[in-house]
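Got your viewer open and a selection box ready? Here's a short walk through the fold, one selection at a time.

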Amino acid sequence: MTRLIRGGRVVTATDAFDADVLIDGESIVAVGTGLSGDEEIDASGCLVLPGLVDNHTHLSMPFGGTWSCDDYTTGTAAAAAGGTTSIVDFCIQYVGGSLKDALAEWHGRADGAAHIDYGFHVAITDARPEVVAEMEQCVADGVSSFKVFMAYKGALMVDDEQFIAVLEQTGKTGGLVMVHCENGDAVVRYQKEALERGDTDPKFHASTRPPEVEGEATSRAIRLAEWTGRPLFVVHVTCEEAVKEIQAARDRGLPIFGETCIQYLYLTVEDLDRPGFEGAKYVCSPPLREAYNQHVLYQALRQGALQGISTDHCPFNFKEQKELGLGDFTKIPNGLPAIEHRLTLLYDRSVRDGHLSIIDVVRHGAWGPARIFGLDKKGALAPGFDADVVVFDPEVKHTISAETHVMNVDYDPFEGWEVQGKPRFVLSRGETVYEDGRIVSEPGRGRFVKRSLFEPAHA
Ligand code: URP
Ligand code: ZN
Ligand code: ZN
């Protein structure tokens with residue numbers, strides 16, 4: 001059966017034009033005018049975009065003594081409601097464990113649960129030689145990116161020796177290394193000093209992880225990548241200190257790539273200082289920064305130092321989860337819920353406010369991440385690509401609230417924000433998964449996607 005999305009304004013990573021999109025089964029077969037299909041979806045007055053790709057999510061992840069509270073069903077439903085049709089989620093190796101076991105566990109969680117397509121990165125937390133050797137099999141199984149953490153000492157952090165081992169191995173097996181850049185030793189020291197002073201409130205999460213801590217780690221990570229001759233992808237870049245390092249490396253011709261996340265574009269360090277314990281809702285790492293950094297991030301996105309905007313969706317309920325850190329900010333689980341709001345916020349706060357074009361949104365939210373992370377059939381509206389499509393109504397006004405969001409979390413960091421623009425229809429491989437405010441697909445239709453190897457030339 002064919003479906004025609006008629007009468008919208010098609011947006012690609014390079015262009016926007018009036019055209020129809022013809023879908024046959026799971027694929028796009030034509031974009032143009034004068035087309036007809038067995039069934040029509042009316043897109044008049046709407047933008048027609050490739051479904052967004054979120055390459056940075058943490059669903060059902062054990063972290064900070066608890067678990068992120070969206071699973072593969074609720075998290076992917078929320079993603080779809082917000083116009084995201086593929087995610088790449090982080091599978092975490094347990095210290096002492098193997099990558100094989102970690103991936104088996106994550107497949108077990110996702111199998112039969114997801115509304116949209118998904119892949120995995122594997123986070124290596126214990127790079128023993130036999131674990132590093134497993135990376136080859138991961139690549140063969142379509143898990144073509146590996147993350148290391150330079151922070152979270154005593155939990156996820158690796159030292160430089162292990163980081164180098166992971167980088168070197170990708171020189172043999174291929175694969176892209178991703179890195180969380182904060183100097184974990186410095187953070188531990190600053191946290192101890194803060195607690196000794198009696199500084200226990202959520203706002204001290206930011207002052208104990210200052211931008212220099214991110215800048216130093218970014219610089220060191222880039223050096224290690226340069227020594228080993230490998231490309232590197234820096235996740236959740238928040239500040240001028242880190243952007244400068246990435247830009248300088250790129251100016252030297254190095255294949256260094258990076259992303260920021262929506263929370264760093266719209267929220268600031270002031271949110272951590274909300275009355276009472278409310279600031280805990282805004283604890284993520286690296287922390288929210290002073291507002292001037294947002295201009296630096298926008299410039300980096302516009303000029304090409306950064307290539308992606310993800311969400312780092314890692315939700316914890318305020319009640320009982322964020323509350324683990326009452327009286328000690330170091331015990332607040334790190335992470336924010338955001339998977340549902342990326343397209344609407346980018347449209348309302350970045351495009352309508354003139355910081356980015358809608359073409360930039362497609363480039364950084366769909367096309368770029370799909371190319372960098374080897375999702376070969378995702379991120380574009382063109383013949384041969386999967387029919388992952390968002391029909392986005394740019395006029396509809398609504399208010400973000402935990403009362404109405406799809407995410408399975410008891411608060412919303414953007415509570416009360418009045419915004420304009422919302423998906424009307426979302427299609428995944430030709431099937432409608434979201435329509436006029438409702439998820440209409442069944443959990444389990446989403447498939448695991450084997451990802452191809454990173455090619456710097458495609459980024
Ligand atoms: O605070 C965050 N970002 N939580 C998720 C884990 C990570 O560092 O990406
Ligand atoms: Zn991280
Ligand atoms: Zn993350």
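In which handedness of crossing does α9 pass α11? Before rotating anything, keep in mind that this is a predicted model. Now select residues 240–251 for helix α9 and residues 292–303 for helix α11. α9 passes α11 in a left-handed crossing. Their axes come within 9 Å and cross at roughly 25 degrees. Since angles under 35 degrees count as roughly parallel, α9 and α11 are therefore roughly parallel to each other.

Stay there and show side chains. From α9, pick Glu240, Glu241 and Val243; these meet Tyr292, Asn293, Val296, Leu297 and Ala300 in α11. Sorted by class, that contact has five nonpolar, one polar and two charged residues.

Next, jump to the N-terminal end of the numbering and select residues 2–11 and 16–24, which are strands β1 and β2. The two pair in the antiparallel sense over eight bridges, forming a hairpin with four residues between them. To get the register, look for Ile5, which stands opposite Val21 in β2.

Extend the selection to residues 27–32, and you've picked up β3, which pairs with β2 in the antiparallel sense over five bridges. This is a hairpin too, with two residues between the strands. Asp24 stands opposite Ser27 in β3, and Gly25 in the turn has a positive phi of about 60 degrees.

How far apart are the closest N and O atoms in the salt bridge of Glu40 with Arg6? Put a distance label on them: it should read 2.7 Å. Glu40 sits in strand β4 (residues 39–42) and Arg6 in β1, so this pair ties together parts that are 34 residues apart in sequence. If you feel like hunting for others, the structure holds 32 salt bridges.

Time for the eight-stranded sheet. Colour the strands in the order β6-β9-β10-β11-β12-β13-β14-β15; the sheet is open and the pairing is parallel. At the edges you'll find β6 (52–57) and β15 (308–310), each pairing on one side only. Going from one strand to the next, the twist averages 30 degrees.

Zoom in on β6 and β9 (residues 84–92), which pair over four bridges; here Thr57 stands opposite Asp89 in β9.

Last stop: two helices. Select residues 342–351 for α12, which packs on the sheet, touches β6, β9 and β15, and makes about 110 degrees with the direction of β6. Then add residues 358–372 for α13, which lies across β6, β12, β13 and β15 and runs at about 65 degrees to β6.

Key
Residues are numbered from 1 along each chain as its sequence is written. Chains are lettered from A and ligands numbered from 1 in the order in which they are written. This is a predicted model: local features need pLDDT of at least 70, side-chain atom pairs count only at pLDDT 80 or more; totals for chains, interfaces and linings use all residues. Side-chain values use heavy atoms; hydrogens and water are left out. Axes are lines fitted to C-alpha atoms, for helices over the stretch in contact, and angles run from 0 to 180 degrees between N-to-C directions. Angles under 35 degrees count as roughly parallel, over 145 as roughly antiparallel, 65 to 115 as roughly perpendicular and the rest as oblique. A crossing is left-handed if the near helix is turned anticlockwise from the far one by less than a right angle, and right-handed if clockwise. Contact means heavy atoms within 4.5 Å. Ala, Val, Leu, Ile, Met, Phe, Trp, Tyr, Cys and Pro count as nonpolar, Asp, Glu, Lys and Arg as charged, and the others, Gly among them, as polar. Two strands pair if DSSP finds at least two bridges between them. A salt bridge is a side-chain nitrogen of Lys or Arg within 4 Å of a carboxyl oxygen of Asp or Glu.
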